[in-house]
Amino acid sequence: MKCYRKIIRIPWTARRLNQSILQELGMKERQLLKNIKQLKLKYFGHVVRHNNLEKLCLEGAVEGRRGRGRPRRRWTQDISDWLGFSVREASILAQDRDDFRSAVWEATSYKDPP
């Protein structure tokens, strides 16, 4: 919603409902996050299906000790959270494009809470 507010130049101090902002943009739901998730999941499937440098970087591990503080959020953690599988299971699923597409569609389709 912050991006949508910036697009139509609404200051952060303005007290407006999210629905009125979406209505002003002519949208029924928040599409930006859905599109980002979908593109990220599609790219994951593309990288996993090919044997290239990106796949090596994705599966590789770095030697050494971990730094202090809370561990940083990893790119693959989003993938496993959105799909509901581990990264290994998701990479196996990505080998079959049709099954992976249906899993991506299911992960990116919003279900309104009752």
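Select helix α6 (residues 87-94) together with helix α7 (residues 97-108), whose axes come within 7 Å and cross at roughly 125°; axes are lines fitted to C-alpha atoms, for helices over the stretch in contact, with angles running from 0 to 180 degrees between N-to-C directions. Helices here are DSSP runs (H or I, at least four residues), as strands are (E, at least two), numbered from the N terminus. The crossing makes α6 oblique to α7, given that angles under 35 degrees count as roughly parallel, over 145 as roughly antiparallel, 65 to 115 as roughly perpendicular and the rest as oblique.

This is a predicted model, in which local features need pLDDT of at least 70, side-chain atom pairs count only at pLDDT 80 or more, and totals for chains, interfaces and linings use all residues. Residues are numbered from 1 along each chain as its sequence is written, and side-chain values use heavy atoms, leaving out hydrogens and water.

Next, show the side chains where α6 meets α7: Ala90, Leu93 and Ala94 come from α6, while Arg97, Asp99, Phe100 and Ala103 come from α7, contact meaning heavy atoms within 4.5 Å.

Keep α6 and add helix α3 (residues 32-49), which packs against α6 at an angle of about 75° with the axes 9 Å apart, and this makes α3 roughly perpendicular to α6. Here Phe44, Gly45, Val48 and Arg49 of α3 touch Val87, Ala90, Ser91 and Ala94 of α6.

Finally, zoom out to the whole chain, which has seven helices and zero strands, and whose C-alpha atoms fill a box of roughly 50 × 40 × 30 Å along the principal axes.
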